[in-house]
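Please look over the sequence and the model that follow, and keep both in view while reading. The paragraphs below lead from the ligand outward to the space around it and then to a few points in the backbone.

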Amino acid sequence: NRKHRLAYDVERVVQEHLTYVREEISDGWDLIHQEGEMKVYRREVEENGIVVDPLKIFHSMKGVTGHEICQYFWDYQYRMEWETTLDSTKIIEVLDPDTVIFFQMHKRVWPAAQRDSCFWSHIRCISNSEEDQPTWLVVNYTTPHHLAPIKSPHVRLVANVALICETIINEPPLNIQDIKRENIECKLTYVAFVNPGGWVPSAALRSVAKREYPRFLKRFTSYVLEQTRDKPILF
Ligand SMILES: CCCc1ccc(-c2ccc(S(=O)(=O)CCO)cc2)cc1[C@H]1C[C@H]1c1ccccn1
């Protein structure tokens with residue numbers, strides 16, 4: 001299929017995430033929150049006095065596939081159902097069936113100015129050796145766009161976010177159509193490199209991030225479990 005103008009950027013950023021997702025949690029990452037299967041790690045990084053702490057969250061949940069998790073994360077039509085930190089979201093360009101450009105207004109995080117974001121969002125299935133289930137991923141990566149002008153007093157976020165999911169089938173029955181939701185499990189890694197795009201008090205931003213990321217991932221995964229409960233499994 002014809003490549004679009006951002007195809008190289010998409011390829012480069014996807015490959016970068018695939019390289020780093022396997023990287024073990026080395027020193028320098030602090031476990032800042034643990035809740036059930038969810039483990040939230042953060043590195044404290046500042047660029048010109050602005051907190052740009054990378055976040056890495058590992059989570060696993062039974063009853064859903066990586067494809068389902070990525071589909072609900074990528075597809076804009078569900079976004080306002082699980083995303084409680086947004087005032088609005090809209091697609092401003094479709095680059096190909098798996099790559100769109102979003103413009104989002106984020107809810108104001110007092111005392112910071114209101115943030116908006118414009119990023120391409122790409123969903124992909126990486127089928128590894130045939131016996132395992134494929135890996136599904138979504139990458140959200142900031143990009144400028146003429147339909148998303150930066151207008152004061154809003155501050156443009158710079159975000160590089162990836163959701164990478166593996167699907168595990170426990171005690172696989174003989175034929176795939178007999179698999180039930182209690183036999184499947186999704187192991188996900190969520191990484192977020194977010195630069196707030198302008199100065200925010202370090203302590204305030206760190207406490208908001210520490211509270212908001214686990215909350216948002218918990219809310220998102222619960223939403224997908226509830227939406228897929230009675231639906232046929234999407235592998
Ligand atoms: C002043 C900047 C605040 C702030 C703005 C935005 C985001 C953020 C951007 C993107 C994504 S996503 O996963 O790509 C889903 C797309 O909607 C999640 C979160 C994070 C923060 C930081 C504060 C943390 C936070 C985390 C989660 C939700 C809200 N806030």
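In this predicted model, the side chain of E83 places an N or O atom 2.5 Å from an oxygen atom of the ligand. Two further side chains make contacts of this kind: an N or O atom of the Y190 side chain is 2.7 Å from a ligand oxygen, and a polar atom in the side chain of Q104 lies 2.9 Å from an oxygen atom of the ligand. Taken alone, the ligand would expose 630 Å², and the protein buries 97% of that area.

These three residues belong to a wider shell, for 18 residues surround the ligand, and those that come nearest are E83, Q104, N140, L157 and Y190. Sorted by class, the shell holds eleven nonpolar residues, four polar ones and three charged ones. Which elements give two or more residues to this shell? They are strand 7, which covers residues 99-106, strand 8, which covers 115-126, and helix 4, which covers 202-228. Helix 4 provides the largest share, with six residues.

The ligand sits in the largest pocket of the protein, and the volume of that pocket is about 860 Å³. Its lining is made up of 38 residues, of which T85, H106, L157, V194 and Y213 are the closest to the centre of the pocket. L157 is thus named both among the residues that come nearest to the ligand and among those closest to the pocket centre. In the lining, 22 residues are nonpolar, six are polar and ten are charged. At least two lining residues come from each of helix 3 (76-82), strand 7, strand 8, strand 11 (158-169), strand 12 (184-195) and helix 4. Here too helix 4 gives the most, supplying nine residues to the lining, just as it gives the largest share of the shell around the ligand.

Some details of the backbone can be followed in the loops. The loop between strand 7 and strand 8 contains P111, and the peptide bond that leads from W110 to P111 is cis, with omega near 0°. A cis peptide bond also runs from S152 to P153, where omega is near 5°, and P153 is found in the loop that lies between strand 9 (135-142) and strand 10 (155-156). In the loop between strand 3 (46-47) and strand 4 (50-51) lies N48, a residue other than glycine whose phi is nevertheless positive, with a value near 50°.

Conventions: Residues are numbered from 1 along each chain as its sequence is written. This is a predicted model: local features need pLDDT of at least 70, side-chain atom pairs count only at pLDDT 80 or more; totals for chains, interfaces and linings use all residues. Side-chain values use heavy atoms; hydrogens and water are left out. A residue is near a molecule or strand if one of its heavy atoms lies within 4 Å of it. A polar contact is a pair of N or O atoms within 3.5 Å; within protein, one must be able to donate a hydrogen and the other to accept it, and residues adjacent in sequence count only if both atoms are side-chain atoms. Accessible areas come from the Shrake-Rupley method with a 1.4 Å probe; for residues, only the protein chains shown count as cover. On a 1 Å grid over the protein atoms alone, a cavity is a set of points where a 1.4 Å probe fits but cannot get out, and a pocket is an open set with protein on both sides within 12 Å along at least five of seven lines; lining residues have an atom within 4 Å of a point. A molecule sits in a cavity or pocket if more than half of its atoms lie within 2 Å of its grid points. Helices (H or I, at least four residues) and strands (E, at least two) are DSSP runs, numbered from the N terminus. Ala, Val, Leu, Ile, Met, Phe, Trp, Tyr, Cys and Pro count as nonpolar, Asp, Glu, Lys and Arg as charged, and the others, Gly among them, as polar. Grid points are joined across faces, edges and corners, and a volume is the space filled by probe spheres set on the points.
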